[in-house]
Amino acid sequence: MTRDQLGPGPLSRVRRLPKKAAYDSKTIYSILDEARFCHVSGIVNGRAMALPTLHAREGDVLYLHGSQSNALMRSIVERGEASITVTLYDGLRLARSGFESSVAYRSAVVFGAVSIVDDPQEKLRILETFVDAVLPGRSQEVRSTSEQELRLTLVVAVSIDEASAKVSAGPTDDPEEDLELPIWSGTVPARLVFEAPIPTRNGAMVTGDIELPGSVRALLERS
Ligand SMILES: Cc1cc2nc3c(=O)[nH]c(=O)nc-3n(C[C@H](O)[C@H](O)[C@H](O)COP(=O)(O)OP(=O)(O)OC[C@H]3O[C@@H](n4cnc5c(N)ncnc54)[C@H](O)[C@@H]3O)c2cc1C
């Protein structure tokens, strides 16, 4: 079950350039799902801190995982709330002035309550979701998580209580008086590309001798 609108609310209302804002879950969840990682913000030992980490979304919940002693994760659990940001870099928007020049992006900011996932079966299921969030289909190709790995891993659930997206796209916003200046203006789209896989050469087995798995082949076809 997902909600259609995740904002605006007291935390998520975009004040600066509100015309770029979106609050519908379709837009926000597509940004969260496309993002390869997020930044989690919190207070650690009295100081503001933001750290990059992987995330996986299921419905209106974002999952994070890390070591049981992860300081930032522990701090958001203790506080009971978190703010999480993701950003997709879509290229350059080059105006005729530096002031109006910018980058194309889609970003999302999430605010929500935090809880620890304790149940081992549920943890296991979520960790598989993580593996597939990084590379769809990979959880079916790897060995299963051991009990010790499960014990060492902290899994945190952040309910997506409020969220906003900001989307910067389209042609540049040169003001009227700049339009006749003989300066090139335009956009340069950018995207993430995966290159040829390099098999692992450590250990007894050279994995280059093993057929490339379906998950990696599908990734390269999508790239
Ligand atoms: C790649 C990238 C580069 C940027 N570069 C700059 C820059 O150089 N200078 C600059 O001033 N700004 C930049 N921004 C925009 C920046 O993220 C803020 O939106 C902006 O600085 C306004 O800050 P504020 O505190 O006034 O936000 P406010 O509008 O007051 O923020 C209120 C609420 O709006 C929402 N919100 C704000 N920003 C975003 C966002 N980006 N995505 C989703 N929700 C948001 C949040 O829920 C936030 O709590 C950039 C954004 C991206 C993604």
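Two strands pair if DSSP finds at least two bridges between them. The legends below use that idea for a predicted model.

**Figure 1. Strand β7 pairs with strand β9 in this predicted model**. The two strands run antiparallel. They are joined by 7 bridges. One pair to find is Ser107 and its bridge partner in β9, Lys166.

**Figure 2. Strand β7 also pairs with β6 and with β8**. Strand β6 covers residues 81–94. It runs antiparallel to β7, and 12 bridges join the two. Val86 has Ala108 of β7 as its bridge partner. Strand β8 covers residues 153–159. Its pairing with β7 is antiparallel too, over 3 bridges. There, Ile116 stands opposite Val156 of β8. In a regular strand the side chains alternate between the two faces of the sheet.

**Figure 3. A shell of 15 residues surrounds the ligand**. The closest are Arg15, Arg16, Ser107, Ser164 and Lys166. Two elements give two or more residues to this shell: β7 (102–116) and β9 (162–168). Which of them gives the most? Strand β7 does, with 5 residues. Sorted by class, the shell around the ligand holds 7 nonpolar, 4 polar and 4 charged residues. Look again at Ser107 and Lys166, both among the closest residues to the ligand. They are also bridge partners, with Lys166 in β9.

**Figure 4. The largest nonpolar core has 32 residues**. Seven residues have the most contacts inside it: Ile28, Leu32, Leu62, Ala108, Val110, Val158 and Ala163. Strand β7 gives the largest share of this core, 5 residues. In soluble globular proteins, nonpolar side chains tend to be buried together. Ala108 is worth finding twice. It belongs to the group with the most core contacts, and Ala108 is also the bridge partner of Val86.

**Figure 5. Ile28 sits in helix α1**. The helix spans residues 25–34. Is Ile28 buried or exposed? Its C-beta atom has 27 others within 10 Å, so Ile28 is buried; the cut-off for buried is 20 or more. Set aside the neighbours within four places in sequence, and Ile28 is in contact with Leu6, Ala22, Ala108, Ala163 and Ala165. For a sense of scale, look across to Glu180. Ile28 and Glu180 are 152 residues apart in sequence. In space they are 37 Å apart, C-alpha to C-alpha.

**Figure 6. Ala163 touches residues from several parts of the sequence, including Leu6 and Phe111**. Residues up to four places away in sequence are not counted here. The other residues that Ala163 touches are Gly7, Ser12, Ile28, Ala108, Val109 and Val110. Ala163, Ile28, Ala108 and Val110 are among the residues with the most contacts inside the largest nonpolar core.

**Figure 7. Strands β2 and β3 form a hairpin**. Between them lie 2 residues. The strands pair in the antiparallel sense over 7 bridges. Ser41 stands opposite Ala50 of β3. Asn45 lies in the loop between β2 (38–44) and β3 (47–53). What is its phi? Asn45 has a positive phi of about 50 degrees, although it is not a glycine. Only 7 other C-beta atoms lie within 10 Å of its own, so Asn45 is exposed; the cut-off for exposed is 12 or fewer. Strand β2 has a further partner in β6. These two run antiparallel and are joined by 3 bridges. Here Val40 stands opposite Ile84 of β6.

**Figure 8. The segment before β1 holds Pro8 and Leu17**. Strand β1 covers residues 21–22. The peptide bond from Gly7 to Pro8 is cis, with omega near 0 degrees. Leu17 has a positive phi, near 50 degrees, in a residue other than glycine. Leu17 is exposed because it has 9 other C-beta atoms within 10 Å.

**Figure 9. The domain assignment splits the chain into domain 1 and domain 2**. Domain 1 covers 18–192, and domain 2 covers 193–223. Their centres, taken over C-alpha atoms, are separated by 26 Å. The contact takes 7 residues from domain 1 and 6 residues from domain 2. On the side of domain 1 that touches domain 2, there are 3 nonpolar, 1 polar and 3 charged residues.

Notes. Residues are numbered from 1 along each chain as its sequence is written. This is a predicted model: local features need pLDDT of at least 70, side-chain atom pairs count only at pLDDT 80 or more; totals for chains, interfaces and linings use all residues. Helices (H or I, at least four residues) and strands (E, at least two) are DSSP runs, numbered from the N terminus. Two residues are in contact if their C-beta atoms, placed from the backbone, lie within 7 Å. A residue is near a molecule or strand if its C-beta atom, placed from the backbone, lies within 6 Å of it. Ala, Val, Leu, Ile, Met, Phe, Trp, Tyr, Cys and Pro count as nonpolar, Asp, Glu, Lys and Arg as charged, and the others, Gly among them, as polar. Domain bounds come from an automatic or database domain assignment. A nonpolar core is a set of buried Ala, Val, Leu, Ile, Met, Phe, Trp, Tyr and Cys residues joined through C-beta atoms within 7 Å.
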